[in-house]
Amino acid sequence: MPTAARLGIGGPVGSGKTALLEGIVPLLIQRGIEVAIVTNDLLTTEDADRLKNGGILPSDRIVGVETGSCPHTAIREDPTMNLLAVQDLEGLFPNLDLILIESGGDNLASTFSYDLVDAYIFVIDVGAGDDIPRKNGPGFVQSDLVAINKIDIAPYVGADLALIRQQAPVHRRGKPIVYTNCKTGEGLTEVVDFILKTVLFRNPVTANV
């Protein structure tokens, strides 16, 4: 049976993981990509319900997983529940190109197992402070792409966005970074281009051909 590519979306609570999905899924669909989503929450399916209510995909293409334990476990140590959700989606929709797997909100140590995903994005937001790059959290340092989100609020929370832009590339050691504002769409095309080139191995210019 054909298998879809799998991309993880991780990051702390409130960093904007679900908002990022809401922004990039329509752009992926415009490029002709067949998409489904798996979300993770401790004891609810709140993120899945939000995405279903938002109408970005038919509801049967969105599956909520209740991890019942630390989100680390479900995406890294024992991703069985997520793998079963992926398997179910692939069985229902054999033409899927991409399954997006959103982690339950966690901390800077959150990383995905590459037994579960082909690559993963780590989302942080400037509201958490301009010192995040210097903390060298494994999720921030090791992820395939970092999205530094909510760049518009930096002046209102006392965060120095210029300092973040200076320090983040140093601690990422050359790995890609994108700066996003999910409300306005700033930076989302760069995220989609990364997915097309790095995960789906497609030229962004001809992805919908």
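**Group meeting: strand 4, the cores and the pocket**

Let me start with one pair of residues: isoleucine 37 sits opposite leucine 100, and leucine 100 belongs to strand 4. Before going on, note that this is a predicted model.

Isoleucine 37 lies in strand 2, which spans 35-41. Strand 2 and strand 4 run parallel and are joined by five bridges. Now the other partner. Strand 1 also runs parallel to strand 4, again with five bridges between them. There, the residue standing opposite leucine 100 is leucine 7. So much for the pairing.

What does leucine 100 touch, leaving out residues up to four places away in sequence? The list is Leu7, Leu21, Val25, Leu28, Val35, Ala36, Ile37 and Val38. Both residues that stand opposite leucine 100, Leu7 and Ile37, are in that list.

Next, strand 4 as a whole. Is it mostly covered or mostly open? Mostly covered: five of its five residues are buried. On one side these are Leu98, Leu100 and Glu102, and on the other Ile99 and Ile101, with both faces covered.

On to the cores. In general terms, nonpolar side chains in soluble globular proteins tend to be buried together. In this model, the largest nonpolar core contains 33 residues. Those with the most contacts inside it are Leu7, Leu20, Ile37, Leu98, Leu100, Ile121 and Ile195. Which elements give two or more residues to this core? They are strand 1 (5-10), helix 1, strand 2, helix 2, strand 4 (98-102), strand 5 (119-125), strand 6 (145-149) and helix 8 (188-199). Helix 8 gives the largest share, seven residues. Another core, of 17 residues, lies apart from this one, and its members include Val126, Ile132, Val141 and Tyr179.

Last, the pocket. How much space lies in the largest pocket? About 430 Å³. Its lining is made up of 23 residues, and the closest to the centre are Gly14, Ser15, Gly16, Lys17 and Arg50. Two elements give two or more residues to the lining: helix 1, at 17-30, and helix 2, at 46-54. Helix 1 supplies the largest share, three residues. Sorted by class, the lining has six nonpolar, nine polar and eight charged residues.

One link to finish on. Helix 1 and helix 2 line the largest pocket, and helix 1 and helix 2 also each give two or more residues to the largest nonpolar core. That is the end of the tour.

Key. Residues are numbered from 1 along each chain as its sequence is written. This is a predicted model: local features need pLDDT of at least 70, side-chain atom pairs count only at pLDDT 80 or more; totals for chains, interfaces and linings use all residues. Side-chain values use heavy atoms; hydrogens and water are left out. On a 1 Å grid over the protein atoms alone, a cavity is a set of points where a 1.4 Å probe fits but cannot get out, and a pocket is an open set with protein on both sides within 12 Å along at least five of seven lines; lining residues have an atom within 4 Å of a point. Grid points are joined across faces, edges and corners, and a volume is the space filled by probe spheres set on the points. Helices (H or I, at least four residues) and strands (E, at least two) are DSSP runs, numbered from the N terminus. Ala, Val, Leu, Ile, Met, Phe, Trp, Tyr, Cys and Pro count as nonpolar, Asp, Glu, Lys and Arg as charged, and the others, Gly among them, as polar. A nonpolar core is a set of buried Ala, Val, Leu, Ile, Met, Phe, Trp, Tyr and Cys residues joined through side-chain atoms within 4.5 Å. Buried means under 20% relative accessible area, exposed over 50%, partly exposed in between (1.4 Å probe, protein chains only). Contact means heavy atoms within 4.5 Å. Two strands pair if DSSP finds at least two bridges between them.
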